[in-house]
Amino acid sequence: MLAMQMLDAHTVLPSASLIAAASNSVGLAYGSVNAPPYLLPVAAAATGLLPLLLLAATTTNMERPPPVDPVIVSAERYPSKTRRTRRERLLARLAFAIGATEGKGLGLFAKKSLPAGEYLFDYEGEKLDYAAYHARYPDGVSDYAVGIRGRDGGMMFVDAAHPSSGLGRFINHSSRHANVARRTLHDSDEGPRVLMYTKQAIAPGEELQWDYGNGYWAAHSGLIDDQ
């Protein structure tokens with residue numbers, strides 16, 4: 001380490017005039033810096049970029065928001081069942097038709113073109129907890145009930161057995177030709193909602209179908225899945 005030398009009262013410091021004279025002797029103005037001509041502009045530019053670099057690093061380390069789900073966004077515009085029922089009645093006149101199918105009873109058909117990834121409507125019905133569902137269906141088999149697993153792992157059901165439950169009850173099953181799928185919206189004031197949406201574009205006159213899942217066919221062992 002270098003020892004620091006203390007200045008005493010007899011130490012004579014160079015005067016400002018001597019410093020100025022020394023600077024003039026090497027061609028420098030008093031207070032200027034002896035540096036290559038390119039150094040100062042580069043240093044100034046680097047200093048100006050420093051806040052931008054710090055901002056970029058901070059932004060990179062920040063947690064990015066989850067991607068927006070257009071199906072969820074559309075469904076959240078109709079938070080109450082009253083609004084959804086009013087909308088569904090309008091859709092029943094303008095966008096959908098209930099008609100006979102071959103071997104599956106009634107089905108739901110499109111009256112106009114439906115783009116892929118579009119929210120259609122909720123699968124509406126009476127909401128039952130696990131105990132109420134099995135009290136109503138002791139063998140655990142229902143043709144119109146849809147199960148929802150909550151975030152806590154518990155099960156609840158939406159039972160659309162009543163004919164006035166909504167359009168969702170008329171969508172028939174198809175594992176090979178399913179053009180509709182379901183999604184669960186957990187964060188709702190009315191409890192979990194089952195959202196029906198298009199998996200692909202659907203043409204006018206085409207039947208809407210969705211895959212009921214393995215649980216349905218395990219409970220309906222006498223039925224034959226479509227091929």
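Helices (H or I, at least four residues) and strands (E, at least two) are DSSP runs, numbered from the N terminus. The model you're looking at is predicted, so to speak of local features takes a pLDDT of at least 70, side-chain atom pairs count only at pLDDT 80 or more, and totals for chains, interfaces and linings use all residues. Residues are numbered from 1 along each chain as its sequence is written, and side-chain values use heavy atoms, with hydrogens and water left out.

**Exercise 1. Get an overview of the chain.**

Start by counting elements: the chain has six helices and 10 strands. Next, look at burial, where buried means under 20% relative accessible area, exposed over 50%, and partly exposed in between (1.4 Å probe, protein chains only). Of the 227 residues, 30% count as buried. Last, take contacts, meaning heavy atoms within 4.5 Å. Among contacts with a separation of 6 or more, 65% are between residues 24 or more positions apart.

**Exercise 2. Check the length of helix H4, then sort its residues by burial.**

Step one is the span. The expected value is 1.5 Å times one less than the number of residues. H4 covers residues 81-94, and its 14 residues should span 20 Å; the end C-alpha atoms are 20 Å apart, so the two agree.

Step two: which residues of H4 are buried? They are Arg84, Arg87, Glu88 and Leu91. Seen down the axis of H4, these buried residues fall within an arc of 105 degrees, so they line one face of the helix. That arc is taken from the directions from the helix axis to the C-beta atoms.

Step three is the other side of H4, where Thr82, Arg86, Arg89 and Arg93 are exposed.

Step four: what covers the buried residues of H4? The cover includes strand E1 (96-100), strand E3 (119-122) and strand E9 (193-198).

**Exercise 3. Zoom in on Arg84.**

First, place it: Arg84 is found in helix H4. Then check the number: Arg84 has a relative accessible area of 5%, so it is buried. Now list its partners, leaving aside neighbours within four places in sequence: Arg84 is in contact with Tyr78, Pro79, Tyr119, Asp122, Glu124, Glu190 and Arg193.

**Exercise 4. Describe the largest cavity and the second largest pocket.**

You need the ground rules here. On a 1 Å grid over the protein atoms alone, a cavity is a set of points where a 1.4 Å probe fits but cannot get out, while a pocket is an open set with protein on both sides within 12 Å along at least five of seven lines; lining residues have an atom within 4 Å of a point. Grid points are joined across faces, edges and corners, and a volume is the space filled by probe spheres set on the points.

Cavity first. The structure holds one cavity of 30 Å³ or more, and the largest cavity has about 30 Å³ of space. Its lining is Arg84, Arg87, Glu88, Tyr119, Phe121, Asp122 and Glu124. H4 and E3 are the elements that give two or more residues to that lining. For classes, Ala, Val, Leu, Ile, Met, Phe, Trp, Tyr, Cys and Pro count as nonpolar, Asp, Glu, Lys and Arg as charged, and the others, Gly among them, as polar. On that basis the lining of the largest cavity has two nonpolar, no polar and five charged residues.

Now the second largest pocket, with about 220 Å³ of space. It is lined by 14 residues, of which Glu88, Arg89, Ser164, Gly166 and Leu167 lie nearest its centre. Which element gives the most to the lining of this second largest pocket? H4 does, with six residues. By class, the lining of this pocket has five nonpolar, four polar and five charged residues.
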